[in-house]
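Colleague: I'm new to this and would like a close look at one part of the surface. Could you walk me through a charged patch and then show me the chain around it?

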Amino acid sequence: RDQSLKDTIREGVLEALHDGELKAEVKAVVIEGLSDHEMRSALLRAAISTVKTGIREAVEDTELKEVLAAAIRDALEDPKLNGVLRNALKDALADQELHRATLQGAVSDLNP
């Protein structure tokens, strides 16, 4: 019974996606909803919750960790990226204002 209901809903949604008039109505309702502060806040909270859940699940995904590690390893072996990083480090190390700000920040953090 549940599968039949799911199939009916799926078919209805697919049919609605091809109905130009209905699409225009839905678009207008969505745009109107996005101008509502409470609706935007609710959508934002839902999106953030979804992203957090995805990140939590991703952290525990061994295959994803392996793929990311391989991608990082490959990127670090790229001569062009190494050149960009080397130049950025040289520029940062040559910047006296950056050194001064870093030291001031460190001293501020050490003082209660």
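Modeller: Here is the patch first, and then the chain it sits on. Keep in mind that we're looking at a predicted model. The patch is a negative one, and its members are E11, E15, D19, E21 and E25. Two helices share the job: α1, running 2–17, and α2, running 20–34, each bring at least two residues to the negative patch.

Let's zoom in on E11, which belongs to helix α1. Is E11 buried or exposed? Somewhere in between: E11 has a relative accessibility of 49%, so it counts as partly exposed, because the exposed label needs over 50%.

Now zoom out. The protein chain contains six helices and zero strands, so it's no surprise to read α-α-α-α-α-α along the sequence. The radius of gyration of the protein chain is 26 Å, while the globule rule gives 13 Å for 112 residues, so the chain is more spread out than a compact globule. You can put rough dimensions on that too: the C-alpha trace spans about 65 × 35 × 30 Å along its principal axes.

What about cover? Of the 112 residues in the protein chain, buried ones make up 2%. The chain exposes about 10,200 Å², with carbon and sulfur atoms supplying 61% of that area.

Back to charge, to set the patch in context. The protein chain carries 15 positive and 22 negative charges, and the mean positions of the two sets are 4 Å apart.

Methods. Residues numbered from 1 in each chain as written. Predicted model: local features only at pLDDT ≥ 70, side-chain atom pairs only at ≥ 80, totals over all residues. Heavy atoms only, no water. Patch = residues over 30% accessible without salt bridge, like charges linked within 9 Å, V, L, I, M, F, W, Y side chains within 5 Å. Areas by Shrake-Rupley, 256 points an atom, 1.4 Å probe, with all protein chains shown as cover. Salt bridge = Lys/Arg side-chain N within 4 Å of Asp/Glu carboxyl O. Lys, Arg positive; Asp, Glu negative; His and termini not counted. Charge placed at Lys NZ, Arg CZ, Asp CG, Glu CD. Helix = DSSP H or I, 4+ residues; strand = E, 2+ residues; numbered from the N terminus. Buried < 20%, exposed > 50% of the residue type's maximum accessible area, 1.4 Å probe, protein only. Rg over C-alpha atoms; globule rule 2.2 N^0.38 Å.
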